[in-house]
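Colleague: Please take a close look at the empty space inside this model. What encloses it, and what does the chain do around it?

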Amino acid sequence: MTIPFHPSIYEHAARVIDRSPWDVSRDGDLLAAAHIRAWQLYQHRPIVIGIDIYNLEAEAYGAPVEQPSSNGIPAIVRHPFTCAAELAELPPFDPYSAGRIPMVLAAARRVAAQCPGADVRIPLAGPFSVATNLMGFDNILLECATDPEAVGRALHGLVGGQLRFCRAILDAGLGIAFFESAAAPPLLSPAQFRAIELPALKSLMDQAAALTGHPLPCIIGGDTLPILEAMLATGTGYVCCPVATDQPGFMRAMAARPDVTVRINMDPNPITANDWPAVKQEADRVLALAAMHPKTCIGTGCLPYEADPETVLKTRHYIAGAAF
């Protein structure tokens with residue numbers, strides 16, 4: 001069989017139309033054009049419509065997104081809340097009017113219309129990632145240590161807004177992918193992930209799966225092998241095996257779950273550096289891991305803006321030529 005190559009295209013979509021991530025992130029026409037062009041080049045699955053994918057919900061709740069210098073990724077650096085108790089009182093945002101969410105939904109519909117057969121999804125942040133952007137890492141990690149019950153209540157409080165967002169995505173005829181990398185070790189310990197984060201994340205994913213009628217992807221970067229069992233407890237049908245974890249150990253652990261698709265990430269640095277011998281070496285390493293599981297694809301983690309599209313395409317062709 002041939003292992004598919006599905007790089008993760010967010011800010012890199014801006015590169016393929018020669019615009020800055022900031023400009024594309026703020027303009028629905030550019031956002032649609034960038035992701036359409038990226039799909040025409042790479043034929044990746046899924047197409048995740050966004051540039052700064054973790055910022056949407058926090059911005060909808062009032063967190064300002066800052067314009068970066070040059071071609072940097074837009075970020076939230078000023079957090080509007082300081083404690084979990086404030087988040088627990090937040091009313092859910094309206095996905096039809098708040099922040100950039102209506103623009104992203106409209107752009108995604110255009111992408112789906114112009115890319116027949118593509119798997120077009122909206123990125124939906126997990127509750128801990130939303131809370132982190134609203135409070136900042138220092139504040140939320142301190143409360144995880146001193147008042148974990150308050151953080152747990154805040155995370156459950158954010159589930160309602162995310163479910164409203166889910167319904168709006170489904171009403172638009174689009175797919176959903178959950179992203180929750182802020183909760184990965186070493187930011188949260190495995191014990192904290194299970195005790196504080198997992199109940200809210202599982203509640204959200206269970207309810208979202210009930211709406212869609214099928215399991216949803218749960219993408220978490222970082223050192224995720226220590227929380228793999230908890231991730232699978234969300235009912236997800238698709239997980240990421242990140243470069244930052246013990247990838248052989250992760251794939252051995254996944255032997256018990258042949259029903260779950262695993263995206264095994266290459267280190268994107270050789271691609272970005274245009275170091276073709278290193279790219280081939282990295283591709284061969286990940287191809288060997290992919291042979292350990294019946295349902296796999298190869299990814300890149302977040303493909304940097306700076307990556308040369310020609311090198312990405314060369315990587316795609318190289319992987320397509322490797323058969324098992």
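**Cavity, pockets and their surroundings**

Modeller: In this predicted model, the count comes to 1 cavity of 30 Å³ or more. The volume of the largest cavity is about 50 Å³. Its lining consists of Ser 25, Leu 31, the run Ile 49, Gly 50, Ile 51, Asp 52 and Ile 53, then Leu 56, Arg 100, Met 103 and Val 104. Sorted by class, that lining holds 7 nonpolar, 2 polar and 2 charged residues. Rolling a probe the size of a water molecule over the atoms is what shows where such empty space is left.

Ile 53, which lines the cavity, also belongs to the residues nearest the centre of the largest pocket. The other residues named there are Tyr 10, Tyr 54, Ser 181 and Cys 302. The largest pocket holds about 530 Å³ of space and has 29 lining residues. These divide into 17 nonpolar, 9 polar and 3 charged.

The second largest pocket has a volume of about 350 Å³. It is lined by 23 residues, and Arg 45, Pro 46, Asp 119, Pro 217 and Tyr 238 are the closest to its centre. Strands β3 (175-179), β4 (217-219), β6 (261-265) and β7 (296-299) are the elements that give two or more residues to this lining. By class, the lining has 14 nonpolar, 5 polar and 4 charged residues.

Two of the residues closest to the centre of the second largest pocket, Arg 45 and Pro 46, are joined by a cis peptide bond with omega near -5°. Pro 46 sits in the loop between α3 (28-42) and β1 (47-48). Another cis bond links Pro 185 to Pro 186, with omega about 5°; Pro 186 is in the loop between β3 and α10 (190-212). Most peptide bonds are trans, and most residues other than glycine have a negative phi. Asp 18 has a phi near 60°, positive in a residue that is not glycine, and it is placed in the loop between α1 and α2 (21-25). With a relative accessible area of 65%, Asp 18 is exposed. Asn 274 likewise has a positive phi of about 60° without being a glycine. Its loop runs between α13 (269-272) and α14 (276-290), and at 43% relative accessible area Asn 274 is partly exposed.

As for the packing, nonpolar side chains tend to be buried together in soluble globular proteins. The largest nonpolar core here has 113 residues, of which Ile 49, Ile 122, Leu 134, Phe 178, Phe 193 and Met 266 touch the most other members. Helix α9 (residues 148-171) contributes the most to this core, 11 residues. Apart from it lies another core of 9 residues, including Ile 53, Ala 177, Tyr 238 and Cys 240. Ile 53 thus appears in the cavity lining, and Tyr 238 by the centre of the second largest pocket. Beyond four places in sequence, the contacts of Ile 122 include Ile 49, Val 104 and Ala 177; Ile 49 and Val 104 also line the cavity.

One buried polar residue completes the account. His 12, in helix α1 (residues 12-15), is buried, with a relative accessible area of 0%. Its side chain makes a polar contact with the side chain of Tyr 42 at 2.8 Å. Beyond four places in sequence, His 12 is in contact with Tyr 42, Leu 303, Pro 304, Tyr 305, Ala 307, Pro 309 and Val 312.

How values were computed. Residues are numbered from 1 along each chain as its sequence is written. This is a predicted model: local features need pLDDT of at least 70, side-chain atom pairs count only at pLDDT 80 or more; totals for chains, interfaces and linings use all residues. Side-chain values use heavy atoms; hydrogens and water are left out. Helices (H or I, at least four residues) and strands (E, at least two) are DSSP runs, numbered from the N terminus. Buried means under 20% relative accessible area, exposed over 50%, partly exposed in between (1.4 Å probe, protein chains only). A polar contact is a pair of N or O atoms within 3.5 Å; within protein, one must be able to donate a hydrogen and the other to accept it, and residues adjacent in sequence count only if both atoms are side-chain atoms. Contact means heavy atoms within 4.5 Å. On a 1 Å grid over the protein atoms alone, a cavity is a set of points where a 1.4 Å probe fits but cannot get out, and a pocket is an open set with protein on both sides within 12 Å along at least five of seven lines; lining residues have an atom within 4 Å of a point. Grid points are joined across faces, edges and corners, and a volume is the space filled by probe spheres set on the points. Ala, Val, Leu, Ile, Met, Phe, Trp, Tyr, Cys and Pro count as nonpolar, Asp, Glu, Lys and Arg as charged, and the others, Gly among them, as polar. A nonpolar core is a set of buried Ala, Val, Leu, Ile, Met, Phe, Trp, Tyr and Cys residues joined through side-chain atoms within 4.5 Å.
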